[in-house]
Amino acid sequence: ADTEKGVYAHYMLKEINEQPAVVRRILTNYYDTETSRIPKSLISAIQQSDRIYILAAGTSMHAGLIGKNLFEKITNIPTEVHIASEFAYQRPLLSKSPFFILVSQSGETADLRACLVELKTSNYQILTITNVPSSTLAREATFALEIHAGPEIAVASTKAYIAQIAILALLANSITESSIDMKKELSIVANAIENFLANESILTHVRNKLTKPNCFYIGRGLDYYTGLEASLKLKEISYIQTEGFAAGELKHGTIALIEEGTPVIALISDPKINHNTRSNLNEVSARGANTLHIVTSNCEEPEDEIILDTVHPLLTPMIMVVPTQLISYYAALERSHDIDKPRNLAKSVTVE
Ligand code: AGP
(Lines give C-alpha, C1' and ligand atoms only; values in the text may rest on other atoms or scores of the structure.)
Protein backbone atom coordinates (compact mmCIF):
# COMPACT_ATOMS: atom_id res chain seq x y z
CA ALA A 1 0.00 0.00 0.00
CA ASP A 2 0.93 3.65 -0.47
CA THR A 3 1.52 4.20 3.24
CA GLU A 4 3.79 1.20 3.84
CA LYS A 5 7.57 1.09 3.50
CA GLY A 6 7.64 -2.23 1.65
CA VAL A 7 11.19 -3.29 0.77
CA TYR A 8 12.68 0.04 1.78
CA ALA A 9 14.38 0.75 5.11
CA HIS A 10 12.90 4.22 5.30
CA TYR A 11 9.98 6.14 3.84
CA MET A 12 12.39 8.71 2.46
CA LEU A 13 14.18 6.11 0.33
CA LYS A 14 10.85 4.69 -0.81
CA GLU A 15 9.61 8.14 -1.76
CA ILE A 16 12.80 8.98 -3.67
CA ASN A 17 12.40 5.76 -5.64
CA GLU A 18 8.74 6.48 -6.37
CA GLN A 19 9.59 9.63 -8.30
CA PRO A 20 9.53 8.24 -11.86
CA ALA A 21 6.11 6.71 -11.12
CA VAL A 22 4.87 10.00 -9.64
CA VAL A 23 5.79 11.91 -12.80
CA ARG A 24 4.07 9.29 -14.94
CA ARG A 25 0.97 9.37 -12.73
CA ILE A 26 0.78 13.14 -13.19
CA LEU A 27 0.95 12.70 -16.96
CA THR A 28 -1.85 10.14 -16.90
CA ASN A 29 -4.01 12.29 -14.66
CA TYR A 30 -3.53 15.58 -16.45
CA TYR A 31 -3.40 14.41 -20.04
CA ASP A 32 -5.29 11.14 -20.31
CA THR A 33 -8.31 11.62 -18.06
CA GLU A 34 -11.00 14.28 -18.05
CA THR A 35 -11.22 14.69 -14.28
CA SER A 36 -8.05 16.50 -13.34
CA ARG A 37 -7.43 18.52 -16.51
CA ILE A 38 -6.55 22.14 -15.82
CA PRO A 39 -9.84 24.10 -15.82
CA LYS A 40 -10.34 26.72 -18.55
CA SER A 41 -11.42 29.26 -15.94
CA LEU A 42 -8.03 28.90 -14.22
CA ILE A 43 -6.17 29.28 -17.51
CA SER A 44 -8.04 32.46 -18.40
CA ALA A 45 -7.58 33.93 -14.89
CA ILE A 46 -3.82 33.54 -15.26
CA GLN A 47 -3.88 34.84 -18.85
CA GLN A 48 -5.58 38.02 -17.62
CA SER A 49 -3.07 38.67 -14.86
CA ASP A 50 -0.05 40.93 -15.29
CA ARG A 51 2.09 39.29 -12.61
CA ILE A 52 2.18 35.97 -10.82
CA TYR A 53 3.09 35.73 -7.14
CA ILE A 54 4.17 32.31 -5.92
CA LEU A 55 3.99 31.94 -2.12
CA ALA A 56 5.36 28.94 -0.24
CA ALA A 57 7.70 27.70 2.49
CA GLY A 58 10.74 25.41 2.61
CA THR A 59 11.00 22.85 -0.15
CA SER A 60 7.75 24.05 -1.73
CA MET A 61 9.29 27.52 -1.97
CA HIS A 62 12.25 26.00 -3.78
CA ALA A 63 9.85 24.35 -6.23
CA GLY A 64 8.30 27.80 -6.62
CA LEU A 65 11.67 29.20 -7.72
CA ILE A 66 11.77 26.64 -10.53
CA GLY A 67 8.15 27.60 -11.29
CA LYS A 68 9.13 31.27 -11.62
CA ASN A 69 11.59 30.36 -14.35
CA LEU A 70 9.02 28.17 -16.09
CA PHE A 71 6.33 30.88 -16.03
CA GLU A 72 8.62 33.66 -17.17
CA LYS A 73 10.24 31.65 -19.97
CA ILE A 74 7.06 30.01 -21.25
CA THR A 75 4.36 32.64 -20.64
CA ASN A 76 6.31 35.93 -20.46
CA ILE A 77 4.30 36.87 -17.35
CA PRO A 78 6.64 38.33 -14.71
CA THR A 79 6.66 36.01 -11.70
CA GLU A 80 7.86 36.58 -8.16
CA VAL A 81 8.46 34.03 -5.43
CA HIS A 82 7.94 34.94 -1.79
CA ILE A 83 8.49 33.18 1.51
CA ALA A 84 4.97 32.88 2.92
CA SER A 85 5.84 33.97 6.47
CA GLU A 86 7.40 37.16 5.09
CA PHE A 87 4.70 37.94 2.53
CA ALA A 88 1.95 37.60 5.14
CA TYR A 89 3.11 40.63 7.13
CA GLN A 90 5.46 42.51 4.80
CA ARG A 91 3.49 42.52 1.59
CA PRO A 92 5.42 43.84 -1.42
CA LEU A 93 3.89 46.42 -3.76
CA LEU A 94 1.50 44.38 -5.92
CA SER A 95 0.84 44.79 -9.63
CA LYS A 96 -2.59 45.90 -10.98
CA SER A 97 -3.84 42.39 -11.76
CA PRO A 98 -1.94 39.90 -9.63
CA PHE A 99 -2.54 36.17 -9.61
CA PHE A 100 -1.45 34.12 -6.60
CA ILE A 101 -0.18 30.58 -6.57
CA LEU A 102 0.22 28.98 -3.14
CA VAL A 103 2.36 25.84 -3.25
CA SER A 104 2.11 23.45 -0.30
CA GLN A 105 2.54 19.70 -0.08
CA SER A 106 0.34 19.38 3.01
CA GLY A 107 -2.05 22.24 2.27
CA GLU A 108 -1.98 22.98 6.01
CA THR A 109 1.02 25.28 6.48
CA ALA A 110 -0.03 28.10 8.81
CA ASP A 111 2.19 30.73 7.15
CA LEU A 112 0.34 30.13 3.88
CA ARG A 113 -3.04 30.20 5.58
CA ALA A 114 -2.14 33.65 6.93
CA CYS A 115 -1.43 34.78 3.33
CA LEU A 116 -4.63 33.20 2.04
CA VAL A 117 -6.86 34.85 4.63
CA GLU A 118 -5.31 38.26 3.89
CA LEU A 119 -5.59 37.86 0.11
CA LYS A 120 -9.19 36.70 0.28
CA THR A 121 -10.23 39.90 2.06
CA SER A 122 -9.01 41.74 -1.07
CA ASN A 123 -10.90 39.32 -3.36
CA TYR A 124 -7.82 38.20 -5.21
CA GLN A 125 -7.84 35.01 -7.28
CA ILE A 126 -5.82 32.27 -5.68
CA LEU A 127 -4.67 28.87 -6.89
CA THR A 128 -3.31 26.34 -4.43
CA ILE A 129 -1.18 23.45 -5.58
CA THR A 130 -1.23 20.71 -2.93
CA ASN A 131 -0.87 16.99 -2.45
CA VAL A 132 -4.05 16.83 -0.34
CA PRO A 133 -7.26 17.89 -2.12
CA SER A 134 -9.21 17.90 1.16
CA SER A 135 -6.68 20.21 2.89
CA THR A 136 -7.50 23.64 4.25
CA LEU A 137 -5.60 25.54 1.56
CA ALA A 138 -7.13 23.48 -1.27
CA ARG A 139 -10.64 24.01 0.08
CA GLU A 140 -10.34 27.73 0.72
CA ALA A 141 -8.73 28.88 -2.55
CA THR A 142 -10.43 29.96 -5.79
CA PHE A 143 -8.76 27.12 -7.68
CA ALA A 144 -6.94 23.97 -6.55
CA LEU A 145 -4.66 21.58 -8.41
CA GLU A 146 -3.50 18.25 -7.04
CA ILE A 147 0.09 17.06 -7.47
CA HIS A 148 -0.74 13.32 -7.24
CA ALA A 149 2.48 12.46 -5.39
CA GLY A 150 0.67 9.99 -3.12
CA PRO A 151 1.10 10.21 0.68
CA GLU A 152 4.49 11.66 1.63
CA ILE A 153 5.39 10.29 5.07
CA ALA A 154 9.06 11.24 5.50
CA VAL A 155 9.42 14.70 7.00
CA ALA A 156 12.03 15.52 4.35
CA SER A 157 10.10 16.25 1.18
CA THR A 158 11.33 14.59 -2.02
CA LYS A 159 8.66 13.32 -4.39
CA ALA A 160 6.37 16.27 -3.63
CA TYR A 161 9.07 18.69 -4.86
CA ILE A 162 9.37 16.83 -8.16
CA ALA A 163 5.58 16.69 -8.49
CA GLN A 164 5.15 20.40 -7.72
CA ILE A 165 7.61 21.31 -10.46
CA ALA A 166 5.83 19.00 -12.91
CA ILE A 167 2.48 20.67 -12.17
CA LEU A 168 3.96 24.17 -12.45
CA ALA A 169 5.49 23.13 -15.80
CA LEU A 170 2.29 21.81 -17.27
CA LEU A 171 0.32 24.76 -15.94
CA ALA A 172 2.75 27.29 -17.46
CA ASN A 173 2.63 25.36 -20.71
CA SER A 174 -1.17 25.52 -20.83
CA ILE A 175 -1.25 29.34 -20.55
CA THR A 176 0.18 30.10 -24.00
CA GLU A 177 0.64 28.54 -27.42
CA SER A 178 3.80 26.80 -26.33
CA SER A 179 6.15 24.94 -28.65
CA ILE A 180 7.13 22.58 -25.84
CA ASP A 181 5.61 19.10 -25.85
CA MET A 182 5.45 18.99 -22.03
CA LYS A 183 4.00 15.50 -21.88
CA LYS A 184 6.97 14.18 -23.84
CA GLU A 185 9.53 16.26 -21.93
CA LEU A 186 8.22 15.14 -18.55
CA SER A 187 8.26 11.51 -19.59
CA ILE A 188 11.90 11.97 -20.62
CA VAL A 189 12.52 13.29 -17.08
CA ALA A 190 10.82 10.22 -15.57
CA ASN A 191 13.11 7.96 -17.61
CA ALA A 192 16.19 9.98 -16.64
CA ILE A 193 15.37 9.68 -12.92
CA GLU A 194 14.80 5.94 -13.34
CA ASN A 195 18.13 5.49 -15.18
CA PHE A 196 20.01 7.29 -12.46
CA LEU A 197 18.32 5.39 -9.61
CA ALA A 198 19.06 2.03 -11.25
CA ASN A 199 22.84 2.62 -11.21
CA GLU A 200 23.60 5.09 -8.45
CA SER A 201 26.66 4.84 -6.22
CA ILE A 202 26.01 7.81 -3.97
CA LEU A 203 26.96 6.05 -0.71
CA THR A 204 30.63 5.82 -1.81
CA HIS A 205 30.72 9.54 -2.61
CA VAL A 206 29.10 10.39 0.72
CA ARG A 207 31.74 8.33 2.57
CA ASN A 208 34.61 9.93 0.65
CA LYS A 209 33.45 13.52 0.58
CA LEU A 210 31.13 14.38 3.46
CA THR A 211 33.70 14.02 6.20
CA LYS A 212 33.33 17.49 7.78
CA PRO A 213 30.59 19.15 9.85
CA ASN A 214 29.89 21.58 7.02
CA CYS A 215 29.25 21.50 3.27
CA PHE A 216 28.56 23.80 0.32
CA TYR A 217 26.41 23.36 -2.76
CA ILE A 218 27.28 25.70 -5.62
CA GLY A 219 25.57 26.30 -8.94
CA ARG A 220 24.32 29.02 -11.25
CA GLY A 221 20.82 29.75 -12.54
CA LEU A 222 18.49 26.80 -12.00
CA ASP A 223 21.37 24.87 -10.44
CA TYR A 224 21.62 27.56 -7.78
CA TYR A 225 17.96 26.95 -6.90
CA THR A 226 18.58 23.20 -6.82
CA GLY A 227 21.52 23.91 -4.51
CA LEU A 228 19.20 25.72 -2.10
CA GLU A 229 16.89 22.71 -1.97
CA ALA A 230 19.82 20.27 -1.73
CA SER A 231 21.29 22.16 1.20
CA LEU A 232 17.97 22.35 3.07
CA LYS A 233 17.60 18.58 2.66
CA LEU A 234 21.13 17.84 3.85
CA LYS A 235 20.74 20.11 6.88
CA GLU A 236 17.39 18.78 7.95
CA ILE A 237 18.28 15.10 8.17
CA SER A 238 22.09 14.87 8.47
CA TYR A 239 22.51 18.01 10.66
CA ILE A 240 25.54 18.96 8.57
CA GLN A 241 25.66 22.74 8.31
CA THR A 242 25.16 23.30 4.60
CA GLU A 243 24.84 26.37 2.45
CA GLY A 244 23.49 26.57 -1.09
CA PHE A 245 25.38 29.27 -2.91
CA ALA A 246 25.32 31.05 -6.25
CA ALA A 247 28.67 29.84 -7.62
CA GLY A 248 29.77 33.30 -8.76
CA GLU A 249 28.99 34.89 -5.41
CA LEU A 250 31.25 32.64 -3.37
CA LYS A 251 34.37 34.69 -4.13
CA HIS A 252 32.69 37.78 -2.65
CA GLY A 253 33.22 36.61 0.91
CA THR A 254 32.09 33.09 1.70
CA ILE A 255 35.15 31.53 0.07
CA ALA A 256 36.89 32.51 3.33
CA LEU A 257 35.20 29.45 4.88
CA ILE A 258 36.87 26.96 2.52
CA GLU A 259 39.55 24.92 4.27
CA GLU A 260 41.44 21.70 3.59
CA GLY A 261 38.77 19.04 3.01
CA THR A 262 35.67 21.30 3.02
CA PRO A 263 33.08 19.49 0.90
CA VAL A 264 31.88 21.55 -2.09
CA ILE A 265 29.28 19.92 -4.32
CA ALA A 266 28.90 21.55 -7.73
CA LEU A 267 25.69 21.31 -9.75
CA ILE A 268 26.16 21.88 -13.49
CA SER A 269 23.38 21.42 -16.03
CA ASP A 270 23.58 24.48 -18.28
CA PRO A 271 26.20 24.37 -21.07
CA LYS A 272 26.15 28.19 -21.38
CA ILE A 273 27.55 28.66 -17.88
CA ASN A 274 29.35 25.35 -17.47
CA HIS A 275 32.83 26.91 -17.67
CA ASN A 276 31.90 29.72 -15.25
CA THR A 277 30.97 27.28 -12.49
CA ARG A 278 34.08 25.23 -13.25
CA SER A 279 36.25 28.28 -12.75
CA ASN A 280 34.61 28.75 -9.32
CA LEU A 281 35.36 25.08 -8.65
CA ASN A 282 39.02 25.69 -9.47
CA GLU A 283 39.06 28.55 -6.96
CA VAL A 284 37.77 26.34 -4.13
CA SER A 285 39.94 23.36 -5.13
CA ALA A 286 43.02 25.59 -4.97
CA ARG A 287 42.05 26.31 -1.36
CA GLY A 288 41.75 22.64 -0.45
CA ALA A 289 38.04 21.91 -1.04
CA ASN A 290 37.00 18.29 -1.49
CA THR A 291 34.76 18.62 -4.54
CA LEU A 292 32.02 16.47 -6.03
CA HIS A 293 30.60 17.23 -9.49
CA ILE A 294 26.99 16.46 -10.37
CA VAL A 295 26.39 17.23 -14.05
CA THR A 296 24.10 16.48 -16.95
CA SER A 297 25.67 14.68 -19.90
CA ASN A 298 25.60 17.80 -22.11
CA CYS A 299 28.05 19.45 -19.66
CA GLU A 300 30.22 16.40 -18.93
CA GLU A 301 34.01 16.68 -18.44
CA PRO A 302 36.42 13.79 -17.68
CA GLU A 303 36.76 14.68 -13.98
CA ASP A 304 33.01 14.55 -13.25
CA GLU A 305 31.72 11.92 -10.82
CA ILE A 306 27.93 11.89 -11.21
CA ILE A 307 26.56 12.13 -14.74
CA LEU A 308 22.82 12.44 -15.35
CA ASP A 309 20.83 12.23 -18.57
CA THR A 310 20.19 15.55 -20.28
CA VAL A 311 16.57 16.69 -20.13
CA HIS A 312 14.68 19.79 -21.31
CA PRO A 313 16.60 22.86 -20.02
CA LEU A 314 13.57 24.19 -18.07
CA LEU A 315 13.18 20.84 -16.27
CA THR A 316 16.80 20.11 -15.25
CA PRO A 317 16.10 20.63 -11.50
CA MET A 318 13.85 17.55 -11.58
CA ILE A 319 16.82 15.34 -12.42
CA MET A 320 19.59 17.33 -10.72
CA VAL A 321 17.88 17.16 -7.33
CA VAL A 322 17.71 13.35 -7.21
CA PRO A 323 21.38 12.63 -6.39
CA THR A 324 21.25 15.37 -3.76
CA GLN A 325 18.26 13.67 -2.11
CA LEU A 326 20.30 10.47 -1.87
CA ILE A 327 23.33 12.37 -0.57
CA SER A 328 21.15 13.59 2.31
CA TYR A 329 19.68 10.15 2.86
CA TYR A 330 23.05 8.36 3.01
CA ALA A 331 24.70 11.13 5.07
CA ALA A 332 21.92 10.72 7.66
CA LEU A 333 22.13 6.91 7.45
CA GLU A 334 25.91 6.99 8.04
CA ARG A 335 25.30 9.12 11.13
CA SER A 336 22.51 6.80 12.38
CA HIS A 337 19.98 9.63 12.53
CA ASP A 338 16.23 9.16 12.58
CA ILE A 339 15.84 9.75 8.84
CA ASP A 340 12.08 9.89 8.52
CA LYS A 341 11.58 11.93 11.71
CA PRO A 342 14.49 14.34 12.08
CA ARG A 343 14.87 16.17 15.38
CA ASN A 344 12.90 19.39 15.97
CA LEU A 345 10.79 18.99 12.82
CA ALA A 346 7.18 18.17 12.02
CA LYS A 347 5.78 17.13 8.65
CA SER A 348 3.46 20.08 8.41
CA VAL A 349 4.06 23.28 10.28
CA THR A 350 0.71 24.42 11.60
CA VAL A 351 1.97 27.30 13.75
CA GLU A 352 3.12 30.66 12.39
C1 AGP B 1 10.98 19.86 3.46
O2 AGP B 1 11.90 18.84 3.42
C3 AGP B 1 10.62 20.41 4.75
N4 AGP B 1 10.38 19.44 5.74
C5 AGP B 1 9.80 21.69 4.77
O6 AGP B 1 10.65 22.71 4.33
C7 AGP B 1 8.48 21.81 4.00
O8 AGP B 1 8.74 21.80 2.64
C9 AGP B 1 7.77 23.10 4.42
O10 AGP B 1 7.45 23.05 5.80
C11 AGP B 1 6.52 23.38 3.62
O12 AGP B 1 5.52 22.42 3.81
P13 AGP B 1 4.28 22.32 2.84
O14 AGP B 1 4.79 22.06 1.48
O15 AGP B 1 3.44 21.21 3.39
O16 AGP B 1 3.58 23.67 2.91
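This report describes the ligand shell, two groups of paired strands and one buried cysteine in a predicted model.

**The shell around the ligand**

Fifteen residues surround the ligand, that is, 15 in the count used here, and Gly58, Thr59, Ser104, Gln105 and Ser106 come nearest. By character, the shell consists of nine polar residues, five nonpolar residues and one charged residue. The element that gives the most to this shell is helix α4 (residues 58-75), which supplies three residues.

**Strand β3 and its partners**

Strand β3 (residues 98-104) is mostly covered, since six of its seven residues are buried. It pairs with strand β1 (residues 51-56) in the parallel sense over five bridges, and Leu102 in β3 is the bridge partner of Leu55. Strand β3 also pairs with strand β4 (residues 126-130), again in the parallel sense and over five bridges. Within that pairing, Phe100 stands opposite Ile126 in β4. From β3 the chain passes through helix α6 (residues 110-121) to reach β4, and this β-α-β crossover is right-handed.

The table lists three of the strand pairings in the model.

| Strand pair | Sense | Bridges |
|---|---|---|
| β1 (residues 51-56) and β3 | parallel | five bridges |
| β3 and β4 (residues 126-130) | parallel | five bridges |
| β6 (residues 214-219) and β8 (residues 263-268) | parallel | three bridges |

**A cysteine in helix α6**

Cys115 lies in helix α6. Is Cys115 buried or exposed? Cys115 is buried, because 25 other C-beta atoms lie within 10 Å, and a residue counts as buried at 20 or more. Apart from neighbours within four places in sequence, Cys115 is in contact with Leu55, Ala84, Phe87, Ala88 and Leu102. Two of these contacts, Leu55 and Leu102, are themselves the bridge partners that link β1 and β3. Leu137 stands 22 residues from Cys115 in sequence, and their C-alpha atoms are 10 Å apart in space.

**The five-stranded sheet**

A further group of five strands forms an open sheet with parallel pairing, in the order β7-β6-β8-β9-β10. Why does one side of β7 and of β10 lack a neighbour in the sheet? Strands β7 (241-246) and β10 (306-308) stand at the edges and each has a single partner strand, so one side of each is left without a neighbour. On average, neighbouring strands of this sheet are turned by 15° against each other, direction ignored. Inside the sheet, β6 and β8 pair over three bridges, and Tyr217 stands opposite Ile265 in β8. Helix α11 (residues 222-238) packs on the sheet and touches β6, β7 and β8. The direction of helix α11 makes about 175° with that of β7.

Technical notes. Residues are numbered from 1 along each chain as its sequence is written. This is a predicted model: local features need pLDDT of at least 70, side-chain atom pairs count only at pLDDT 80 or more; totals for chains, interfaces and linings use all residues. A residue is near a molecule or strand if its C-beta atom, placed from the backbone, lies within 6 Å of it. Helices (H or I, at least four residues) and strands (E, at least two) are DSSP runs, numbered from the N terminus. Ala, Val, Leu, Ile, Met, Phe, Trp, Tyr, Cys and Pro count as nonpolar, Asp, Glu, Lys and Arg as charged, and the others, Gly among them, as polar. A residue is buried if 20 or more other C-beta atoms lie within 10 Å of its own, exposed if 12 or fewer, and partly exposed in between; C-beta atoms are placed from the backbone. Two strands pair if DSSP finds at least two bridges between them. A crossover is right-handed if, with the strands pointing away from the viewer, the path from the first strand over the helix to the second runs clockwise. Axes are lines fitted to C-alpha atoms, for helices over the stretch in contact, and angles run from 0 to 180 degrees between N-to-C directions. Two residues are in contact if their C-beta atoms, placed from the backbone, lie within 7 Å.
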